[in-house]
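Me: I've got a model open and I'd like to learn how to read it. Can you walk me through it, one feature at a time?

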Amino acid sequence: MVGSIKYGKDIYSNIPFHKLLNNQKTLKSKITRICNYFFTKHEGDALLPFRGFLIYGPPGTGKTEIIKRLVYDLDIDFERTNSGRVKLQFVDGGDIAAPKWGEGEQKLREIFKVNSTNQNKEKTLILFDDVETFILGRNAGLAKEWHFSLNSIFFHQLDSLNVTKNIVVGTTNRLDLVDDALKSRFYPFFLDLPNHEDLMNIAQKYAIAYNLDSRDLEHISNLLKKDLKPSIRNVEHLITDTVINKI
């Protein structure tokens, strides 16, 4: 099995305890509506050339977390209304790019084959994290011959995808490296860095959990203001450093 496959309800324990930020909520709501639209269509009705989403933006903005929470909510809603179940298959792009010659192609075939056997009421979001690691643009200086082989297999499998049962999501921090053919098949969403207020709201929730005081929060706030690209990940690192330094 390539990557991990879990029903939405089963990934809840891996979701951070802080709430989604405003820009994350907006994006999650939009993608949820689109998934519901296609997942509730009959197979013959889904004729649009839509295959999934490409979420891009700076590192540490919560691109992967949004999809995890989205699948969790969809699974609960589908089960509650007796509409089936929704699964997440998480695939690290590096796991596809790293193997020996031919292994990456076989892994891609396996991913799509597994999900093609979904029961009528089972839906899957296939998440390729850091998709640029194996779907490199043909004009990218880093592209090798084996990348072209992976691209060919991926697009062939993608074009035969039944989006009433399976939707693919790719995430990337390097949109400039992603193959144009992928961009043309996926609907793009940009997720920008959160603002200072949102980041401090996250820091405050961590501070309560780890008994940090107002001086600690003020120090973290000052460091974030100096950071040219402050992110959720940066907040988590600063909280970790603060907790460890106080031990």
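**Reading the model piece by piece**

Reply: Sure. Let's start with one residue: K113 sits in helix α4, which covers residues 103-116. Keep in mind throughout that this is a predicted model.

Me: Is K113 buried or exposed?

Reply: The cut-off for exposed is over 50% relative accessible area. K113 has 61% relative accessibility, so it counts as exposed.

Me: What is the distance in space between K113 and Q157?

Reply: Sequence separation and spatial separation are two separate readings. K113 and Q157 are 44 residues apart in sequence, yet their C-alpha atoms lie 8.8 Å apart.

Me: Let's move on to the sheet. In what order do its strands come?

Reply: Read across the sheet rather than along the chain. It's an open sheet of six strands, in the order β1-β3-β4-β5-β2-β6, and the pairing is mixed. The edge positions belong to β1 (4-7) and β6 (186-190); each has a single partner strand, so one side of each has no neighbour in the sheet. On average, neighbouring strands are turned by 20° against each other, direction ignored.

Me: Which strands pair with β4, and over how many bridges?

Reply: Count bridges, then check the direction. β3 (residues 85-92) runs parallel to β4 and is joined to it by eight bridges. There, F90 stands opposite L127 of β4. Strand β5 (residues 166-172) also pairs with β4 in the parallel sense, over five bridges, and I126 has V168 as its bridge partner in β5.

Me: What does V168 face on the β2 side?

Reply: That's G52, which stands opposite V168. β2 (residues 52-56) runs parallel to β5, with five bridges joining the two.

Me: How many residues of β4 are buried?

Reply: For a strand, check both faces. Eight of the eight residues in β4 (residues 122-129) are buried, so the strand is largely enclosed by the rest of the structure. E122, T124, I126 and F128 point one way, K123, L125, L127 and D129 point the other way, and all of them are buried.

Me: Which helices lie across the sheet strands?

Reply: Look at which strands a helix crosses and at what angle. Helix α1 (residues 22-39) lies across β2, β3, β4, β5 and β6, at about 165° to β2. α4 lies across β1, β3, β4 and β5, and runs at about 160° to β4.

Me: Which residues touch the most other members of the largest nonpolar core?

Reply: Look for the residues with the most contacts inside the core. This core has 47 residues, and L125, F128, F134 and F154 touch the most other members. Leaving out residues up to four places away in sequence, F154 touches L108, F112, F128, F134, I135, L182 and F186. There's also a second, separate core of 15 residues, including I202, I220, L238 and I239.

Me: I220 is also in helix α8. What should the span of α8 be, and what is it in the model?

Reply: Compare the expected span with the distance between the ends. For α8 (residues 214-226), 13 residues at 1.5 Å a residue should span 18 Å; the end C-alpha atoms are 19 Å apart, which agrees.

Me: Where do its buried residues fall around the axis?

Reply: Picture looking down the helix. D216, L217, I220, S221 and L224 are the buried residues of α8. They fall within an arc of 135°, so they line one face. That buried set packs against α7 (196-209) and α9 (232-246). R215, E218, K225 and K226 are exposed on the other side of α8.

How values were computed. Residues numbered from 1 in each chain as written. Predicted model: local features only at pLDDT ≥ 70, side-chain atom pairs only at ≥ 80, totals over all residues. Heavy atoms only, no water. Buried < 20%, exposed > 50% of the residue type's maximum accessible area, 1.4 Å probe, protein only. Helix = DSSP H or I, 4+ residues; strand = E, 2+ residues; numbered from the N terminus. Pairing = 2+ DSSP bridges. Core = buried A, V, L, I, M, F, W, Y, C linked by side-chain atoms within 4.5 Å. Contact = heavy atoms within 4.5 Å. Axes fitted to C-alpha atoms, helices over the stretch in contact; angles between N-to-C directions. Expected span 1.5 Å × (residues − 1). Arc of directions from axis to C-beta.
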